[in-house]
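Grab a viewer and a pencil. Below are a few short exercises on helix packing and aromatic contacts, each with a worked solution.

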Amino acid sequence: MRIDPDSWNIIQKIIRRYQVSAEEWQTAQKDTARYERLGRETAAVEAAMAGLTPEEQDVVRERFWTYRDKNKSYEDMINQPFSPRQMRRICYKMVYRTGKELGEI
């Protein structure tokens, strides 16, 4: 299934911001729209990560959480036991599952 490029970018941004969002969610004022949004985003990323194997989780961590402002290139991830094409599929699976949880897809 093809994902709309705008939705794809939104979901990737949510995944990249996961660590910051989780911390903000703990300190945000309860019963506000921001608190609920951060909670939904955090839960969606955690649910998507739970469906991956530990090796796949390492790929996602390195791809999305190495740099704060951009994704790490597949070719730069040479210490992973997967080919760039396999890593692309793993990250697609992560983005797809997160998008389904959020309702973006």
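**Exercise 1. Work out how α1 and helix α4 cross, and what makes up their contact.**

Step 1: the axes of α1 and helix α4 (residues 54–65) come within 9 Å and cross at roughly 100°. Axes here are lines fitted to C-alpha atoms, for helices over the stretch in contact, with angles running from 0 to 180 degrees between N-to-C directions. Helices are DSSP runs of H or I with at least four residues, numbered from the N terminus.

Step 2: α1 and α4 are therefore roughly perpendicular to each other, a label for angles of 65 to 115 degrees.

Step 3: on the α1 side the contact uses Gln 12, Ile 15 and Arg 16, and on the α4 side Arg 63, Phe 64 and Trp 65. Contact means heavy atoms within 4.5 Å.

Step 4: sort those residues and you get three nonpolar, one polar and two charged. The bins are Ala, Val, Leu, Ile, Met, Phe, Trp, Tyr, Cys and Pro as nonpolar, Asp, Glu, Lys and Arg as charged, and the others, Gly among them, as polar.

A word on the ground rules: this is a predicted model, so local features need pLDDT of at least 70 and side-chain atom pairs count only at pLDDT 80 or more, while totals for chains, interfaces and linings use all residues. Residues are numbered from 1 along each chain as its sequence is written, and side-chain values use heavy atoms, leaving out hydrogens and water.

**Exercise 2. Do the same for α1 and helix α5.**

Step 1: the axes of α1 (residues 5–16) and α5 (residues 84–102) come within 10 Å and cross at roughly 95°. So α1 and α5 are also a roughly perpendicular pair.

Step 2: α1 brings Trp 8, Ile 11, Gln 12, Ile 14 and Ile 15 to the contact, while α5 brings Tyr 92, Met 94, Val 95, Thr 98, Gly 99 and Leu 102.

Step 3: this set divides into eight nonpolar, three polar and no charged residues.

**Exercise 3. Which residues of α1 are buried, and what do they pack against?**

Step 1: the buried ones are Ser 7, Ile 11, Gln 12, Ile 14, Ile 15 and Arg 16. Buried means under 20% relative accessible area, exposed over 50%, partly exposed in between (1.4 Å probe, protein chains only).

Step 2: they pack against α2 (18–27), α3 (33–50), α4 and α5.

Step 3: for a partner residue, take Thr 98 in helix α5, which counts as buried at 0% relative accessibility. Leaving aside residues up to four places away in sequence, Thr 98 touches Ile 11, Ile 15, Ala 44, Val 45 and Ala 48.

**Exercise 4. Is Arg 63 buried or exposed, and what does Arg 63 touch?**

Step 1: Arg 63, in helix α4, has a relative accessible area of 12% and is buried.

Step 2: not counting residues up to four places away in sequence, Arg 63 touches Gln 12, Asn 71, Lys 72, Ser 73, Tyr 74, Met 77 and Cys 91.

**Exercise 5. Classify the aromatic pair of Tyr 92 and Tyr 96.**

Step 1: both tyrosines, Tyr 92 and Tyr 96, lie in helix α5, four residues apart, about one turn of the helix.

Step 2: the pair is stacked, at 6.1 Å centre to centre and 15° between the planes. Rings of Phe, Tyr and Trp (its six-membered ring) pair if their centres lie within 6.5 Å, with planes under 30 degrees apart stacked, over 60 edge-to-face and the rest tilted.

Step 3: Tyr 92 is partly exposed at 31% relative accessibility, and Tyr 96 is partly exposed at 24%.

Step 4: widen the view and Trp 8, Tyr 92 and Tyr 96 form one aromatic cluster.

How values were computed: Helix = DSSP H or I, 4+ residues; strand = E, 2+ residues; numbered from the N terminus. Parallel < 35°, antiparallel > 145°, perpendicular 65-115°, else oblique.
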